[in-house]
Amino acid sequence: MDMVMKLGAQSPVVIFSRSTCCMSHTIEILIRNFGANPTIYELDRLSSGRELERALIELGCQPSFPAVFIGNELVGGSNEIMSLNIRGKLKQLLIRANAIWV
């Protein structure tokens, strides 16, 4: 779990995903459309991927992909990110995390 938190804090926006996950790709594109440049960890391509996935599940990510950190905090998965976007709060969260500038 410590490794996930450490990786999640290395950039204003961090997405843990799988290379074959269409929802992970959708969330990445959504965040990039705001002008942010998220750090992406495709766990199926990392040697420590299974360990990181177990840690994400321990943190409450169900399903575990995508798992999005914004401003060093676990925001959640695709449902949470889409909900924030629909309510107009995702952009403000990205601004507060210094992931984008106005």
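Colleague: I'm looking at Glu53: buried or exposed, and how do I read that?
Modeller: Go by relative accessible area: under 20% is buried, over 50% exposed, and partly exposed lies in between, with a 1.4 Å probe and protein chains only. Glu53 comes out at 17%, so it counts as buried. Before we go on, this is a predicted model, so local features need a pLDDT of at least 70 and side-chain atom pairs count only at pLDDT 80 or more, while totals for chains, interfaces and linings use all residues. Numbering starts from 1 along each chain as its sequence is written, and side-chain values use heavy atoms, leaving out hydrogens and water.

Colleague: Okay, which residue forms a salt bridge with Glu53?
Modeller: We call it a salt bridge when a side-chain nitrogen of Lys or Arg is within 4 Å of a carboxyl oxygen of Asp or Glu. Here the partner of Glu53 is Arg18, with the closest N and O atoms 2.9 Å apart. Arg18 sits in the loop between strand S1 (13-17) and helix H2 (22-33), while Glu53 belongs to helix H3 (residues 49-58), so the bridge ties together parts that are 35 residues apart in sequence. (Those elements are DSSP runs numbered from the N terminus: helices are H or I with at least four residues, strands E with at least two.) Unlike buried Glu53 at 17%, Arg18 is partly exposed, with a relative accessible area of 34%.

Colleague: How many salt bridges does the count come to?
Modeller: Three by this rule. Take Glu28 and Arg32, whose closest N and O atoms are 3.0 Å apart. Both are in helix H2, and their spacing of four residues is about one turn of the helix. Glu28 is buried at 18%, whereas Arg32 is partly exposed at 33%. Then there's Glu42 with Arg45, where the N to O distance is 3.5 Å. On that pair, Glu42 counts as partly exposed at 26% and Arg45 as exposed at 61%.

Colleague: Let's do cysteines. How many disulfides does a search of the whole structure find?
Modeller: The general idea is simple: a disulfide is a covalent bond between the sulfur atoms of two cysteines. The working cut-off is a pair of cysteine sulfur atoms within 2.5 Å. Searching the whole structure this way gives zero.

Colleague: Why is there no bond at Cys21?
Modeller: Distance, because the closest cysteine sulfur to that of Cys21 belongs to Cys22 and is 5.8 Å away, too far for a bond. For Cys61, the closest cysteine sulfur is in Cys21, at 12 Å, again too far for a bond. Cys61 is also buried, with a relative accessible area of 6%.

Colleague: What about backbone angles: what is the phi of Asn72?
Modeller: Asn72 has a positive phi, about 70°, although it isn't a glycine. You'll find Asn72 in the loop between strand S3 (67-70) and S4, and it is partly exposed at 45%. Asn98 is another case, with a positive phi of about 60° although it is not a glycine. Asn98 lies in the segment after helix H5 (90-96) and counts as partly exposed at 48%.

Colleague: Now contacts across the sequence. How far apart are the C-alpha atoms of Met82 and Ile27?
Modeller: They are separated by 8.0 Å, with their positions 55 residues apart along the chain. Met82 is in helix H4 and is partly exposed, with a relative accessible area of 32%.

Colleague: Last one, confidence. What pLDDT does the chain average?
Modeller: Recall that pLDDT is the predictor's confidence in each residue, from 0 to 100. The chain averages 92, and 98% of the residues score at least 70.

Colleague: And which elements have the lowest and highest mean pLDDT?
Modeller: Helix H1 (residues 2-8) has the lowest, with a mean of 85, and H5 the highest, with 97. So H5, the helix just before the segment that holds Asn98, is the element with the highest mean pLDDT.
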